[in-house]
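Dear colleague,

Please find below the structure I agreed to hand over, together with its sequence. I would be grateful if you could keep it open while reading the notes that come after it.

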Amino acid sequence: MRLVLLGPPGSGKGTQAARLKEKLGVPHISTGDLLRAEVAAGTELGKQAQEVMARGELVSDDILLGMLESRLGRDDVAGGFILDGYPRNLAQAEQLDVMLADRPLDAVVEFVVDTEAVVERLLRRAEIEGRSDDTADVIRHRIEVYHENTAPLVDHYRGRGLLLEVDAMGQIDDVTERTLAALENA
Ligand code: AP5
């Protein structure tokens, strides 16, 4: 199963991917996690990405392309993967198509949420984890960036017959069940 998860910050992409990877038996690839690992390791790429991420902007397509090509070239993705956080704009979606020319996507799940509820979720996470981009202003900006750059991908993938909309409000277990049911029925 080659799956992309779409949805605004706080919609539960990371939370659900961690559960779906067990059920589907494929790795979870989070571009946010890959970038945060580069920042933590103090690499050149991490230094370039750090400030951009702290502002809630998108890191350059070139950096993401290099990271993804390398990750999707590893053996563990032979049976599929769950992509969380990529693609984030039309250019990245086109680059992904090229990377997956001989193994196209099976489905794209959009997690549909209420904006105020996700702001609350992320402010709660800020108290626990202290992620540098989980401040009230940056959270709102990340949501704007999502609507401007990433939301158009919903129509893009709907037009290709790949989109599955999932209500991502309510209990985490219920969202997992709804996602698995949507994938089964697809
Ligand atoms: P990234 O790490 O991808 O952040 P994001 O998209 O803002 O997503 P989040 O991790 O905030 O939310 P999520 O939807 O995964 O929700 P989660 O499960 O964590 O990206 C960070 C930055 O990296 C970007 O801003 C950008 O700068 C850069 N970047 C990454 N990819 C890029 C790309 N492709 N191109 C360019 N730049 C890129 O849940 C959030 C919280 O809610 C958690 O505390 C969780 O426990 C809780 N929660 C989850 N589900 C529920 C529920 N049903 N009910 C109650 N609480 C819930």
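The notes below concern one strand and its partners, and then the nonpolar cores. Please bear in mind that this is a predicted model.

I begin with strand β1, which spans residues 2-6. This strand is mostly covered, with 5 of its 5 residues buried. The covering applies to both faces: R2, V4 and L6 are buried on one side, and L3 and L5 are buried on the other.

Strand β1 pairs with two further strands. With β3 (residues 81-84) the pairing is parallel and comprises 4 bridges. With β4 (residues 107-112) the strands likewise run parallel, joined by 4 bridges. Residue L5 illustrates both pairings: its bridge partner in β3 is D84, and its bridge partner in β4 is V109.

Turning to the interior, the largest nonpolar core contains 29 residues, and L72, L96, L105 and Y157 have the most contacts inside it. Two or more residues of this core come from each of β1, α3 (44-55), α4 (61-72), β3, α5 (90-99) and α8 (152-159). Helix α4 provides the largest share, 5 residues.

Y157 merits a separate look. Leaving aside residues up to four places away in sequence, Y157 touches L6, P87, A93, L96, L105, V108, L162 and L163. Of these, L6 belongs to one of the two covered faces of β1 described above.

Another core, of 22 residues, lies apart from the largest one; among its members are A17, V26, V119 and V166.

With kind regards

Conventions
Residues numbered from 1 in each chain as written. Predicted model: local features only at pLDDT ≥ 70, side-chain atom pairs only at ≥ 80, totals over all residues. Heavy atoms only, no water. Buried < 20%, exposed > 50% of the residue type's maximum accessible area, 1.4 Å probe, protein only. Pairing = 2+ DSSP bridges. Core = buried A, V, L, I, M, F, W, Y, C linked by side-chain atoms within 4.5 Å. Contact = heavy atoms within 4.5 Å.
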